[in-house]
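Trainee: Could we go through the pockets of this model together?
Mentor: Certainly; let us have the structure in view.
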Amino acid sequence: PVLIFVSSRRQTRLTAQDLIAFCGVEDNPRHLLHMDDAEADAAMARAHDAHLRLALGFGIGMHHAGLTEADRVLCEELFLARKIQVLIATSTLAWGVNLPAHLVILKGTEFYDAKTKGYVDLPITDVLQMIGRAGRPQFDDRAVARIFVSDGKKEFYKRFLHEPFPVESSLHKHLHEHINAEVAAGAVGSAQDAVDYLSWTYLFRRLRQNPSYYGVEDASESAVNRFLSQMIMQCFSDLHRAQCITLEQDGARVTVGPTPLGRIASQYYLSHTTMLTFATRLPAVDRAHPLGALLHLLSDATEWAEIPVRHNEDLLNRELERSVPYALGKAQVVDYLSPHAKTCLLVQKHMVRGDLPCSDYVTDTRTVLDSSIRILQAMIDVAAYMGLLAPAVAAMELMQAIKQASMPGDSPLCQISPGLDLDEIKSLFGLAGARPSGRGKGRAQQPRCLGSLLVMSDAQLRDFFAPLAARRGPADVRAWCEAVRALPPVDVTIAPGTATADAAREEAKMDSFCGLLPTTQYSMVITLTYTRPESGFGKPGFMCEPGQAYTPRFGKTQYEGWWVVLAQGEEELLAVKRVSMQGKVGNARVKNAPEAVKTPETRSVRLAFITPQVVGKYKLRLLLVSDAYLGLDQEFEVEIEVVGAQDRMIVPTDPSFINKGQMTVPEDLSFISKEKMKEYQ
C-alpha cells in the first residue's frame with residue numbers, strides 16, 4: 001500500500017485524478033482495487049463526496065478535513081483492510097490516524113500560507129511525522145519514504161534526515177499571552193519576576209545553546225540577560241498599551257499589576273491585541289444598529305488570523321458577500337483573502353442558514369463557531385466593565401443568534417426544529433389574516449409570544465401546532481412540542497440584599513430599597529427559578545446532560561445560562577452577573593397527579609451597585625438575558641429612594657438594630673467609586 005501526502009485538500013482531488021488517468025492506460029485499470037464488484041459498489045455507495053466515489057472505483061482513497069467523518073472513516077477502513085492500495089491525504093492524517101504503509105510519498109514540502117500570500121515550508125515536525133508512517137511492523141522488514149523537493153532544498157533535507165535536528169522554543173513568539181496570564185495570577189509583579197519566570201523555561205536553555213536562532217549575536221551571559229530584559233520590557237510596553245497591565249517605573253525598578261482587561265484576556269485565553277480592539281471600538285458602536293458593527297468587531301479578533309484561506313477563495317468570498325445581510329465594507333477596500341473577512345461571512349451565513357459553496361467552508365464554519373462563543377463572552381465582559389449597556393446587551397443577543405442559527409429579529413419559533421417558515425409561524429399566531437382552527441381551549445386566547453407557550457399544558461401545546469399537522473405530519477408536531485418543553489420558563493424574584501455600613505466594608509441586611517444613602521454600595525438578590533410544568537413529552541434526543549441548552553443547529557453541546565443586568569436609563573450599565581444552570585437535575589415528572597406539579601431549579605445571585613450622588617427616587621432596570629434562547633428575555637423595574645444623611649436615622653452599629661434594616665451612616669461616603677465597583681463586578 002502507498003500513502004501520498006499533499007499540501008492541500010484541492011491537491012488530494014487533483015492527485016487522485018492524475019492517478020486515475022494513469023490507471024486508465026493500464027491493461028487492468030482496477031489493479032489497485034482489491035475488492036469484487038459487489039463490495040466495491042457497496043463501498044462507493046457509502047461515499048458522500050462525488051470525487052471520492054469516483055476514486056474508490058479505482059482503488060484510490062482520499063482523506064482530508066473537508067470530507068465528512070463518514071467518508072474519512074470509510075477510507076481508513078478500506079486502506080487498513082488493504083482493499084484500496086493508495087490513500088492520498090493532507091498532513092492532518094499523519095498526526096491523527098495510525099495508518100502505516102510500505103511506501104510513503106511526500107508530494108512537495110511547501111504549502112500556501114494566506115497570511116504571507118505565498119508558499120512556505122512545511123514544519124519539520126510534520127515532515128518527520130509523515131515519513132514516520134512508512135513501515136508496517138506486522139508485514140514489512142523494510143519500508144520506503146520518498147520526498148519530492150526542489151533542487152535547492154535537496155541538501156537541506158538530506159542533512160535533516162541523516163543528522164539530529166534540534167528542537168527550539170516558540171515561547172518568545174507568544175510571550176505576551178504568557179506574561180499577561182502570570183501577571184493576572186499574581187505570579188509576576190515586576191521585571192525581575194518576569195526574568196525569574198523565564199529562567200525556568202526551555203526558551204532560557206535554548207538561548208544559551210543556540211543564541212543565533214533567537215537573534216542574539218553573543219552567547220555570553222550578559223548578552224543573554226540583556227536580550228531577556230529587552231524582550232520583557234517590550235512585552236510590558238505592549239501589554240500596557242493594550243490596557244492589560246499597569247506599568248510603573250521607579251528608577252531601575254519596574255513594577256506591573258493586572259487590570260480588568262488583562263484578567264479577561266487571561267480568563268478567555270485571548271490576545272492582548274483583541275482586548276485593545278474591543279476597548280477601542282466598543283464605545284463607538286452604533287446604538288441604533290449595533291449588530292453589524294459587533295459582527296465586524298467579532299471577526300476582527302486576532303484569534304481568527306489562523307483561519308485558512310485557500311487558493312481562489314477570494315472569489316468564493318465575493319460571492320458569499322452578496323447573500324449575507326452585512327457587507328464586509330463600504331468605504332474601505334476589502335481584502336477578500338483576509339481570514340477576518342472570511343470569518344465574518346461564515347458567521348453570517350450560519351445565522352441565515354445559507355448553503356456553503358464547498359465542504360472546506362463547512363469545516364471552517366465549525367472551527368469559527370467553536371471559538372466565537374468564547375470571544376463573544378470576552379466582548380460582553382469588556383462592555384460591562386466599561387459600563388456600555390447597549391453594546392453589552394447587543395452582544396448577548398448576538399450570542400443567542402449564533403447559538404440558534406438565527407438573526408436577532410427573527411421569530412423565536414425559528415429556533416425550534418424541524419424548522420418553521422415565516423408563513424407557518426404567522427398562521428400559528430393568527431397573523432396575516434390566518435384563521436385559527438378553533439379546536440380546544442388553546443385557541444380561545446391566541447398566544448402572542450414564546451413565553452406563553454412554555455406554560456401551556458400538553459393538550460394546549462398540541463392544539464397550538466395542530467393547524468400544521470396535515471401539512472407537516474404528526475411526527476413534526478411532536479418534535480415541536482418536545483422542543484418547546486425543552487425551553488425553560490423562568491420566574492424571577494427580586495429582594496433587597498445588604499448595605500455596606502462603613503469604610504471597613506462591613507455589611508448590614510436591608511429590608512427595602514427606600515432610605516438609601518448617596519454614593520454607597522448596596523446590593524440586591526436575584527433568584528431565578530425554573531418552573532417546568534408536568535409533561536408527557538420527552539426531551540429531544542440530543543439533550544442528554546443536565547442543564548444542556550436546546551441548540552439543535554449549533555453542533556456543539558451548550559449549557560443554559562443567564563445574564564442578570566442592572567442598568568440605569570438607556571446607556572449606563574451598573575452591574576452584571578452570569579448565572580449558569582448547568583448541573584441541575586431536570587424536571588422530575590410526577591405521574592397521576594391531580595394537577596400540574598412543578599419541580600423548581602433555582603439559582604440566586606447578588607448584584608452590588610452604587611447609589612447616585614443626588615437624592616431622589618430612581619427607577620433602575622433589571623434585565624434577564626438568556627445566553628442561548630431567543631424570545632425569553634425579561635425586564636423588570638426596581639425603584640430605589642436615595643435620601644440625605646440628615647433624613648436618615650442614625651443608630652449604633654448594634655446587631656439588634658442592623659437586623660431591623662438600620663445602620664450607621666458612614667463618615668466617608670466616597671470610599672468606593674462607580675469605576676471601582678465596575679472593576680469589582
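Mentor: A term is needed beforehand: Ala, Val, Leu, Ile, Met, Phe, Trp, Tyr, Cys and Pro count as nonpolar, Asp, Glu, Lys and Arg as charged, and the others, Gly among them, as polar. Please also keep in mind that this is a predicted model.
Trainee: With those classes, how does the lining of the largest pocket divide?
Mentor: That lining has 18 nonpolar, 12 polar and 12 charged residues.
Trainee: And how much space lies in the largest pocket?
Mentor: The largest pocket holds about 1,100 Å³ of space. It is lined by 42 residues, and those closest to its centre are Ser7, Ser8, Tyr112, Pro308 and Arg310.
Trainee: Which element gives the most to that lining?
Mentor: That is α1, with four residues. Elements that each supply at least two residues include α1 (9–24), the strands β4 (103–107) and β5 (110–113), and the helix α17 (359–385).
Trainee: Changing topic, how much space lies in the second largest pocket?
Mentor: About 570 Å³.
Trainee: Which residues lie nearest its centre?
Mentor: Of the 17 residues lining the second largest pocket, Pro123, Ile124, Thr125, Lys173 and Tyr213 lie nearest the centre. Two or more lining residues come from each of α6 and α7 (154–162).
Trainee: Where does the largest share of that lining come from?
Mentor: From α6, which gives three residues. Helix α6 (124–131) also supplies at least two residues to the lining of the largest pocket.
Trainee: And the classes in the second lining?
Mentor: There are 10 nonpolar, three polar and four charged residues in the lining of the second largest pocket.

How values were computed:
Residues are numbered from 1 along each chain as its sequence is written. This is a predicted model: local features need pLDDT of at least 70, side-chain atom pairs count only at pLDDT 80 or more; totals for chains, interfaces and linings use all residues. Side-chain values use heavy atoms; hydrogens and water are left out. On a 1 Å grid over the protein atoms alone, a cavity is a set of points where a 1.4 Å probe fits but cannot get out, and a pocket is an open set with protein on both sides within 12 Å along at least five of seven lines; lining residues have an atom within 4 Å of a point. Grid points are joined across faces, edges and corners, and a volume is the space filled by probe spheres set on the points.
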